[in-house]
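I opened a fresh notebook page for this one. I want the fold, the covalent link and the ring contacts written down in order.

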Amino acid sequence: QVQLLESGGGLVQAGGSLRLSCAVSGRTVSDYTVYWFRQLPGKEREFAARISKRDGNTVYADSVKGRFTIARDGAQNTVYLQMNSLKPEDTAVYYCAASIQNIGRPAYWGQGTQVTVSS
């Protein structure tokens, strides 16, 4: 059974940067396609980024493309989300999720980490 633990959230000013971490335990991180989702206040959870298990291919939501980077570190068994040029509208709870399928609905979720961007 895989477990996901997010960290790295916090309060940052607009234009700043944060790096979120998703530590994977129980299995090797490259066994899974790993996603970052986020839930903005009063909104449904939405996709932000993913990194595929098969070839490390990355995909981003239009809202974060060019500002966020997802990356995988096999030695640390961790997936990161580097967030640059943050905007107040990036304020959300960020969730790490994983799927054993290359492209599929995630079956495993972390507990979430709060990111707040002040204007």
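My entries follow, from the overall fold down to single contacts.

**Entry 1: overall fold**

I am working from a predicted model. I counted secondary structure first. The protein has eleven strands and zero helices. Read along the sequence, the pattern is β-β-β-β-β-β-β-β-β-β-β. I then checked the radius of gyration, which is 13 Å. The globule rule gives 14 Å for 119 residues, so the protein is as compact as a globular protein of that length. The C-alpha trace spans about 40 × 30 × 25 Å along its principal axes.

I looked up burial next. Of the 119 residues, 45% count as buried. I also checked contacts with a separation of 6 or more. Residues 24 or more positions apart account for 55% of them.

**Entry 2: the disulfide**

How many disulfides are there? I found one. C22 is joined to C96, with an S to S distance of 1.9 Å. As a reminder to myself, a disulfide is a covalent bond between the sulfur atoms of two cysteines. The torsion about the S-S bond is -65°, and the link of C22 and C96 is left-handed. I then placed both ends. C22 sits in strand β3 (residues 18-25) and C96 in strand β9 (residues 92-99), so the pair ties together parts that are 74 residues apart in sequence.

Are the two ends buried or exposed? C22 has 0% relative accessibility and counts as buried. C96 also comes out at 0% and is buried.

**Entry 3: strand β9 and its partners**

C96 led me to β9, the strand that holds this cysteine. I checked its cover. Seven of the eight residues of β9 are buried, and the strand is mostly covered.

I listed pairings of β9. Seven bridges join β4 to β9, and the two run antiparallel. In this pairing F37 stands opposite Y95 in β9. Two bridges join β9 to β10, again antiparallel. Here A98 stands opposite Y108 in β10. Three bridges join β9 to β11, also antiparallel. The bridge partner of Y94 is T113 in β11.

**Entry 4: strand β11**

I followed the chain of pairings on to β11. Which strand runs parallel to β11? Strand β2 (residues 10-13) does, joined to β11 by four bridges. V12 stands opposite V117 in β11.

I then looked at the two faces of β11. In a regular strand the side chains alternate between the two faces of the sheet. Strand β11 covers residues 113-118. Its covered face has T113, V115 and V117. Its uncovered face has Q114, T116 and S118. V117, the residue opposite V12, is thus listed on the covered face.

**Entry 5: aromatic pairs**

I counted aromatic pairs and got six. One of them is F37 with F47, edge-to-face, at 6.0 Å centre to centre and 80° between the planes. The pair links distant parts of the chain: F37 is in strand β4 (residues 33-39), F47 in strand β5 (residues 45-51), ten residues apart. I compared accessibility for the two rings. F37 is buried at 14%. F47 is partly exposed at 27%.

Y95 and W109 make another pair. Their ring centres are 6.5 Å apart and their planes meet at 75°, so the pair is edge-to-face. Y95 lies in strand β9 and W109 in strand β10 (residues 108-109), 14 residues apart. Y95 is buried, with a relative accessible area of 13%. W109 is partly exposed, with 35%.

Which residues form the aromatic cluster? Y35, F37, F47, Y95 and W109 form one. Two of its members, F37 and Y95, are the residues I noted opposite each other across β4 and β9.

**Entry 6: charges over rings**

Last, I looked for charged ends over rings. The charged end of R45 sits over the ring of W109, 4.6 Å from its centre. This places R45 beside the aromatic cluster member W109. The charged end of R19 sits over the ring of Y80, 4.1 Å from the ring centre.

Key. Residues are numbered from 1 along each chain as its sequence is written. This is a predicted model: local features need pLDDT of at least 70, side-chain atom pairs count only at pLDDT 80 or more; totals for chains, interfaces and linings use all residues. Side-chain values use heavy atoms; hydrogens and water are left out. A disulfide is a pair of cysteine sulfur atoms within 2.5 Å. Buried means under 20% relative accessible area, exposed over 50%, partly exposed in between (1.4 Å probe, protein chains only). Two strands pair if DSSP finds at least two bridges between them. Rings of Phe, Tyr and Trp (its six-membered ring) pair if their centres lie within 6.5 Å; planes under 30 degrees apart count as stacked, over 60 as edge-to-face and the rest as tilted. A charge sits over a ring if NZ of Lys or CZ of Arg is within 6 Å of the ring centre and within 35 degrees of the ring normal. The radius of gyration is taken over C-alpha atoms; the globule rule is 2.2 Å times the number of residues to the power 0.38. Contact means heavy atoms within 4.5 Å.
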